[in-house]
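Hello,

Here is the structure we talked about passing on. Please have a look, then read my notes below it.

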Amino acid sequence: MTVLQKPDRFASLNRLKTKTHKMESLKNKVAVVFAASGEVAGAVSRSFAQNGAKVYVTANNIKAVEDLVKEIKANGGWAEAGKVDALNETEIDNYLQKVVAENGRLDMVFNGIGSCYKDAGSGTPTTLASFEQFLNPLRRICGSQFLTSRCAARHMIQSGSAGTILLFTASMSKTKTPNMAGFASACAAIEALTRVMAAEFGQHGIKSICICSGALIETHKIQEMISDFSGLYGIPREEMAKNYTRFDILKSGPTLKQLGETASFLVSENGEAFNSHIVDFDCGKLNVL
């Protein structure tokens, strides 16, 4: 007598989970991430790869991006490391040319470049900050976004890629924070650059979007700023840390993982409606316009 076995619904569920574990919203897409040695660009790179994209990660620090590639590959993604100075237009252009030659397309670029807050004069009163300190974030942060974005646009146009240029800035552009003249100006300039490029490149099917992030408390840079400003102003570290969260509408702030997922959504087909937009990534702030 043949005994019929009941179907194992849990095994079926496990198979379904296995199939859907790897997201594919960016399958067959080609991405280049600049300044990927940093925590923000690293999070975006991981998310792009997790969602199925081929991700070329670049930075001056080749060891850091090689380690990032190993991590992405270990998690089943595709990645390749390259040494590129995101302030050198020739290096940027040559690398993008290589990527397009290998793939015939370029679907999205992201630049996570930052600046040392001391070099940018952050925390220094406007009456005391040097002209060089004021210009530093404009040259370095906004300047790099300008270079990587326009080089990417050229290659997208030439290859017929209807891609997305994803810029990154901080919410300092929308707050009234003292002693941040250069950095706040650079943040606002990146937002304006995003809108200008959207208007110019839209005729080629190219989108320009900017993620405007609140303070990511888990990052080393924010933790370093909290410690340094605490010592500078003679305020306990715990009290200084509260300055970064006291205007939060929700009890939880944004995370690096959430930023990466937001970036993947914006460059996917699901994010088609976003173009020229400045996307606030802060879980809501009472002091942000």
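What follows covers the sheet, the cysteines and one surface patch.

Please keep in mind that this is a predicted model.

The sheet

Seven strands make up an open sheet. Their order is S3-S2-S1-S4-S5-S6-S7, and the pairing is parallel. S3 (78-83) and S7 (278-281) stand at the edges. Each has a single partner strand, so one side of each is left without a neighbour in the sheet. From one strand to the next, the twist averages 20°.

To see one pairing in detail, go to S5 (residues 164-170) and S6 (residues 207-213). Seven bridges join S5 and S6 in the parallel sense. Phe168 has Ile211 in S6 as its bridge partner.

The cysteines

How many disulfides does a search of the whole structure find? Zero. A disulfide needs two cysteine sulfur atoms within 2.5 Å. For Cys210, the closest cysteine sulfur is in Cys212, at 6.2 Å, which is too far for a bond. For Cys283, the closest is also in Cys212. That distance is 13 Å, again too far for a bond.

Are these two residues buried or partly exposed? Cys210 is buried, with a relative accessible area of 0%. Cys283 is partly exposed, at 32%.

The surface patch

Leu232, Tyr233 and Ile235 form a nonpolar patch on the surface. Together they have about 280 Å² of accessible area. Tyr233 belongs to helix H7 (residues 220-233). Tyr233 counts as partly exposed because its relative accessibility is 40%.

Best wishes

Conventions. Residues numbered from 1 in each chain as written. Predicted model: local features only at pLDDT ≥ 70, side-chain atom pairs only at ≥ 80, totals over all residues. Heavy atoms only, no water. Patch = residues over 30% accessible without salt bridge, like charges linked within 9 Å, V, L, I, M, F, W, Y side chains within 5 Å. Areas by Shrake-Rupley, 256 points an atom, 1.4 Å probe, with all protein chains shown as cover. Salt bridge = Lys/Arg side-chain N within 4 Å of Asp/Glu carboxyl O. Helix = DSSP H or I, 4+ residues; strand = E, 2+ residues; numbered from the N terminus. Buried < 20%, exposed > 50% of the residue type's maximum accessible area, 1.4 Å probe, protein only. Pairing = 2+ DSSP bridges. Axes fitted to C-alpha atoms, helices over the stretch in contact; angles between N-to-C directions.
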